[in-house]
Amino acid sequence: MSEPLVVVEGVRKVYRTGPREVVALKDVSFEAYPGELIAVRGRSGSGKTTLLNQVGGLDRPDAGRVVVAGHEVTALPEDGLLTLRRDVVGFVFQSFGLIPVLSAAENVGVPMRLARMPSAEREERVAMLLALVGLERQVNQRPYELSGGQQQRVAIARSLANRPRLLIADEPTGQLDSQTGRQIMELLRALVRSEGVTALVATHDPSLITLADRVLEMHDGTLRTARAETPLTA
Ligand code: ADP
Ligand code: MG
């Protein structure tokens, strides 16, 4: 097998709010390989978001190690984390996170501007990505002129802006009806194949579970690997 793209080793995360402590992750370890679509499943409060945030460099664990595409995430200084989140990891959230005053095309272009991509290249890539997610006719529409599913497609196109190696999606269908959610999951499945990214997707959605190569089960801050050795789609 090839080298893992993601290595998570003994990760622990404790939230302290006043005198109360919540151990959100207890000694979590796993690896993700290039091109895998991994579903992270578990009840609300089981630690899915906390886990994805440690992997994507949005937060730092209290113990353990995270490596993404050869970058020792847990050892990076703040500016290194910024670069990682800009160039190596793409994020998709339940609430889409689009900028309301910007068009679909402008939203997708934001990470490319931050990475100082030349404008001709940027325009070409924005058009390509919006076509890839099936929105070639909505490029000039603003988020409020788009359906929820269309907004999430824009967010997915934006997440791919800088050709990330890793896509992290936290309950990407949580605000969508089940049919639209299914379409978004199928889009993610297709993009993981066509773009060669690795994806970690937290979800309750049974339709993603069946599309995933592997399912990681979170339970009270610990990980149980389900069906790890048998890819569900081959
Ligand atoms: P999930 O995404 O599976 O619903 P989370 O990772 O959001 O779970 O939460 C795991 C645990 O950590 C929960 O008990 C939650 O209440 C707690 N938690 C999450 N974020 C914070 C925070 N910022 N401060 C304090 N506790 C938190
Ligand atoms: Mg969550």
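# Close-up views of a predicted model

**View 1. Val 201 and the residues around it.** Val 201 touches Leu 37, Ile 38, Ala 39 and Val 40. Its other contacts are Ala 169, Pro 172, Met 185, Leu 188 and Leu 208. Residues up to four places away in sequence are left out of this list. The model shown here and in the other views is predicted.

**View 2. The largest nonpolar core.** Val 201 also belongs to the largest nonpolar core, which has 38 residues. Val 201 is among the residues with the most contacts inside this core, together with Val 108, Leu 130, Val 133, Val 154 and Ile 156. Strands β3 (37-41), β7 (166-170) and β8 (198-202) each supply at least two residues. So does each of the helices α3, α4 (119-132), α5, α6 (178-195) and α7 (206-211). Helix α6 gives the most, with six residues.

**View 3. A second core.** This core is separate from the one in View 2 and has 29 residues. Val 11, Leu 51, Val 73 and Val 88 are included in this second core.

**View 4. The largest pocket.** The volume of the largest pocket is about 420 Å³. Its lining has 17 residues, and the closest to the pocket centre are Arg 85, Arg 86, Phe 91, Pro 111 and Leu 114. Eleven residues of the lining are nonpolar, three are polar and three are charged. Four elements each supply at least two lining residues: α2, β6 (89-93), α3 (104-114) and α5 (148-159). The largest share, four residues, comes from β6.

**View 5. A salt bridge between distant parts of the chain.** The structure holds twelve salt bridges. One of them pairs Arg 60 with Glu 78, with the closest N and O atoms 3.3 Å apart. Arg 60 lies in the loop between α1 (48-55) and β4 (63-68), while Glu 78 is in helix α2 (residues 78-87). The two partners are 18 residues apart. Arg 60 counts as partly exposed because its relative accessibility is 31%.

**View 6. A salt-bridge network.** Glu 72 and Arg 65 meet through their side chains in a salt bridge of 2.8 Å, N to O. Glu 72 has a relative accessible area of 30%, so Glu 72 is partly exposed. Arg 65, at 31% relative accessibility, is also partly exposed. Shared salt-bridge partners join Glu 9, Arg 65 and Glu 72 into one network.

**View 7. The pair Glu 21 and Arg 16.** A salt bridge joins Glu 21 to Arg 16. The closest N and O atoms of this pair are 3.1 Å apart.

Note on methods
Residues are numbered from 1 along each chain as its sequence is written. Chains are lettered from A and ligands numbered from 1 in the order in which they are written. This is a predicted model: local features need pLDDT of at least 70, side-chain atom pairs count only at pLDDT 80 or more; totals for chains, interfaces and linings use all residues. Side-chain values use heavy atoms; hydrogens and water are left out. A salt bridge is a side-chain nitrogen of Lys or Arg within 4 Å of a carboxyl oxygen of Asp or Glu. Buried means under 20% relative accessible area, exposed over 50%, partly exposed in between (1.4 Å probe, protein chains only). On a 1 Å grid over the protein atoms alone, a cavity is a set of points where a 1.4 Å probe fits but cannot get out, and a pocket is an open set with protein on both sides within 12 Å along at least five of seven lines; lining residues have an atom within 4 Å of a point. Grid points are joined across faces, edges and corners, and a volume is the space filled by probe spheres set on the points. Ala, Val, Leu, Ile, Met, Phe, Trp, Tyr, Cys and Pro count as nonpolar, Asp, Glu, Lys and Arg as charged, and the others, Gly among them, as polar. A nonpolar core is a set of buried Ala, Val, Leu, Ile, Met, Phe, Trp, Tyr and Cys residues joined through side-chain atoms within 4.5 Å. Contact means heavy atoms within 4.5 Å.
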